Amino acid sequence: MKRLEDRVAIVTGAAQGIGLAIAERLVAEGARVLMCDLEAARTAEAARSFDPSGAHTRAHGGDVSRKATAIALVDAAVGAFGRLDILVNNAGITHAAEFLDLDEADFDRVLAVNLKSMFLCGQAAARRMVAQGGGGAIVNMSSANAVVAIPNQVPYVVSKGGINQLTKVMALSLAAHGIRVNGIGPGTIATELAKQAVLGSEEAKRKILSRTPLGRLGEPSEVASIAAFLVSDDASYLTGQTIYPDGGRLALNYTVPVV
């Protein structure tokens with residue numbers, strides 16, 4: 001028996017990158033997954049890349065920073081698969097600007113997608129899990145930048161720091177209901193978002209590698225492996241924690257040679 005057999009999950013930001021890798025891994029582990037991103041058609045196309053029959057996935061479009069979308073997501077998952085056991089809050093965006101130049105609207109937009117959405121989706125999912133009984137598992141996608149910082153990624157860094165505290169308070173608040181809440185804080189992973197934000201040139205890539213002891217970028221599948229562990233019974237005594245798949249970055253005080 002697969003370790004997530006008969007469980008139902010929601011994954012946000014699932015049309016590409018880490019979210020897509022997580023959805024694929026959860027299905028491989030036996031789960032049925034509602035995949036959400038801004039565009040339902042694009043998300044459905046992504047789902048077909050690993051679930052051609054559509055038997056194990058559904059696609060949902062919407063802005064997860066809106067309460068109505070969060071509620072609709074849970075309703076759609078329950079309507080399609082009968083229950084909800086897992087939520088992976090993965091949706092996220094960036095906006096590069098120096099602190100003195102950052103517009104209020106851009107700060108608000110990033111915080112809404114990256115942080116507020118995790119509160120809204122987490123609350124809607126947890127309410128369903130409590131109502132049906134049996135507990136559940138929630139994973140919030142944080143970042144190494146919740147601990148360290150990049151000067152021109154102000155709202156992104158702030159949002160990820162907030163996610164770490166949100167993860168802790170959710171874990172404490174929901175423990176009595178058997179709902180575990182943990183975070184994942186990746187370093188630099190080879191995704192489209194990373195390419196746009198910090199991997200725009202060979203020089204930028206070398207800078208990233210100079211502070212990565214393992215000497216390479218992470219892969220979305222490596223983050224997906226951690227997510228699958230955290231939502232499984234293998235992590236049954238783990239809650240309120242954030243795990244950092246960062247290639248050793250947070251342990252490093254200096255830099256390392258780049259080959």
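In this predicted model, helix H8, which comprises residues 220-230, lies across strand S5 (136-141), strand S6 (179-184) and strand S7, and its direction makes an angle of about 165 degrees with that of S6. A second helix with a position of this kind is H2 (residues 40-48), which lies across strand S2 (32-37) and strand S3 and runs at about 160 degrees to S3.

The strands over which these helices lie belong to an open sheet of seven strands, arranged in the order S3-S2-S1-S4-S5-S6-S7 and paired in parallel. Because strand S3 (57-61) and strand S7 (242-243) stand at the edges, each with a single partner strand, one side of each is left without a neighbour in the sheet. Elsewhere in the sheet, strand S1 (residues 8-12) pairs with strand S4 (residues 86-89) in the parallel sense over three bridges, and Val-11 has Val-88 in S4 as its bridge partner.

The largest pocket of the model has a volume of about 920 Å³, and its lining is made up of 41 residues, among which Asn-90, Ala-91, Gly-92, Ile-93 and Leu-193 lie nearest the centre of the pocket. Two or more lining residues are contributed by each of helix H1 (17-28), strand S2, helix H4 (104-132), helix H5 (154-174) and helix H6 (192-197), with the largest share, five residues, coming from H6. In terms of residue character, the lining of this pocket divides into 17 nonpolar, 16 polar and eight charged residues.

Notes:
Residues are numbered from 1 along each chain as its sequence is written. This is a predicted model: local features need pLDDT of at least 70, side-chain atom pairs count only at pLDDT 80 or more; totals for chains, interfaces and linings use all residues. Side-chain values use heavy atoms; hydrogens and water are left out. Two strands pair if DSSP finds at least two bridges between them. Helices (H or I, at least four residues) and strands (E, at least two) are DSSP runs, numbered from the N terminus. Contact means heavy atoms within 4.5 Å. Axes are lines fitted to C-alpha atoms, for helices over the stretch in contact, and angles run from 0 to 180 degrees between N-to-C directions. On a 1 Å grid over the protein atoms alone, a cavity is a set of points where a 1.4 Å probe fits but cannot get out, and a pocket is an open set with protein on both sides within 12 Å along at least five of seven lines; lining residues have an atom within 4 Å of a point. Grid points are joined across faces, edges and corners, and a volume is the space filled by probe spheres set on the points. Ala, Val, Leu, Ile, Met, Phe, Trp, Tyr, Cys and Pro count as nonpolar, Asp, Glu, Lys and Arg as charged, and the others, Gly among them, as polar.
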